[in-house]
Amino acid sequence: MVRVLVTGGLGFIGSHLVRRLVSSDWCTSLINVDNMGFGSNVNNLKDVEGCRKYSFVYGDIRDPELVSRLVKDVDVVVNVAAETHVDRSISNPKPFLETNVLGTFNLLEACRHNDVRLFMQVSTDEVYGEAEGGRSFKEGDAFRPSSPYSATKAAADCLVMAYNRTYGLNTIITRSTNNFGPYQHPEKFIPKAIIRAALGLKVPVYGSGRQVRDWIYVEDHVEAIESALLKSRGGKVYNISAGNELNNLEVVKQILRIMDKPMDLIEHVEDRPGHDARYSLDSSLIRSELGWAPRHSFLEALRKTVRWYMQNEWWWKPLADERTLHPTPWKIRW
Ligand SMILES: NC(=O)c1ccc[n+]([C@@H]2O[C@H](COP(=O)([O-])OP(=O)(O)OC[C@H]3O[C@@H](n4cnc5c(N)ncnc54)[C@H](O)[C@@H]3O)[C@@H](O)[C@H]2O)c1
């Protein structure tokens, strides 16, 4: 019997993880706590709402009392909740500190005072910063975060490592590269490009578009998380990468090709401040130790994603307003 608490399960990655865990044999009950903030969407989990194993709590990980109550009834905590949008962290960093650092702290405190068997932190490749000179980061490499978002994620990772070492809390940290797939908010790069192209609007590309990202299909990411939950001894950090290094311009061109749209829809816009030129991870540890490998090729997954957005206008239409589709959202003030 394994009772799981997932935080941020109404978001993009969280909803894929919840769907995967509730359909597994080993997870006997799952509580999803989410404050229904930016990035969340109740429609992400419409299909699991009636599931016997699943329950939803509208709540905030910044609330230590709530967190402490929830943690009492579970064996495993997976912290997916975060303020995630880099551009928004540039406009207004404080909510990122409150959720990503203090929220993680509340969860860790609750876990160490209760009999939680495992605390997993879902983190990001952005904690390592820019990957210069063709290198790929390993789990032990130093943090060099560039944005307020990645700085708060790095701070949270440090707290998790300290709770493992100081209090003996069993922890796992996963650091994945950029995700894409169904249910990703239209404000993010790939959905925005698909939706704008579908509407015949210009597709914005920051600066030259030569920034390299290492893309992973979200289902491959959540499969890696599940592998770590089931197979790892704990006390570990795992990089998760599918090895799909592509620059942003190439990704937009592939989307336009799949959608049979003209290349002149591409519009170069002012670059984001502090924009990292390249992210790259070495994921050999999770592959060799846990036997995980991605199942989807980049092109196959991109085609699936384009098809999903084209077939699920009901999902994205209410989110795709003028603001969410704005070409340079780092200039937005909250
Ligand atoms: N999207 C990516 O490419 C990517 C890559 C690597 C790591 N990650 C990490 O994965 C996690 C999920 O990312 P995502 O893209 O699904 O984000 P998302 O923005 O889609 O979802 C985040 C969810 O967390 C919830 N949340 C935010 N603050 C909360 C709070 N204080 N209390 C309770 N719930 C709260 C939101 O309501 C939302 O449902 C994050 O921790 C992020 O750092 C994301």
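**Close-up views of a predicted two-domain model**

**View 1. Strand 2 in its surroundings.** Strand 2, spanning residues 27-34, is largely enclosed by the rest of the structure, because six of its eight residues are buried. A residue is counted as buried here if 20 or more other C-beta atoms lie within 10 Å of its own. The model shown in this and the following views is predicted.

**View 2. Pairing of strand 2 with strand 1.** Strand 1 (residues 2-7) runs parallel to strand 2, and six bridges join the pair. One of the positions to inspect is Val2, whose bridge partner in strand 2 is Cys27. Helix 1, formed by residues 12-22, combines with strand 1 and strand 2 in a β-α-β unit, and this unit is right-handed.

**View 3. Pairing of strand 2 with strand 3.** Strand 3 comprises residues 54-58 and pairs with strand 2, again in the parallel sense, through five bridges. Within this pairing, Tyr58 of strand 3 stands opposite Asp34.

**View 4. The shell around the ligand.** The ligand is surrounded by 31 residues, of which Gly8, Gly11, Gly39, Ser40 and Ala82 are the closest. Two or more residues of this shell are given by each of helix 1, strand 2, helix 4 (94-113) and strand 5 (118-124). The largest share comes from helix 1, which provides three residues. By class, the shell holds 16 polar, ten nonpolar and five charged residues. Strand 2, the largely enclosed strand of View 1, is thus also among the elements that give two or more residues to the shell.

**View 5. The two domains of the chain.** According to the domain assignment, domain 1 consists of residues 2-179 + 217-240, and domain 2 of residues 183-213 + 245-277 + 297-331. A distance of 25 Å separates the C-alpha centres of domain 1 and domain 2.

**View 6. The side of domain 1 that touches domain 2.** Contacts between the domains involve 15 residues of domain 1 and 14 residues of domain 2. On the side of domain 1, helix 1 and helix 3 (86-91) are the elements that give two or more residues. Helix 3 gives the most, with three residues. This side of domain 1 is made up of ten polar, three nonpolar and two charged residues. Helix 1 accordingly appears in three of the settings illustrated: in the β-α-β unit, in the shell around the ligand and on the side of domain 1 that touches domain 2.

Technical notes: Residues numbered from 1 in each chain as written. Predicted model: local features only at pLDDT ≥ 70, side-chain atom pairs only at ≥ 80, totals over all residues. Buried ≥ 20, exposed ≤ 12 C-beta atoms within 10 Å, placed from the backbone. Helix = DSSP H or I, 4+ residues; strand = E, 2+ residues; numbered from the N terminus. Pairing = 2+ DSSP bridges. Right-handed = clockwise from strand over helix to strand, strands pointing away. Near = placed C-beta within 6 Å. Nonpolar A, V, L, I, M, F, W, Y, C, P; charged D, E, K, R; others polar. Domains from an automatic or database assignment. Contact = placed C-beta atoms within 7 Å.
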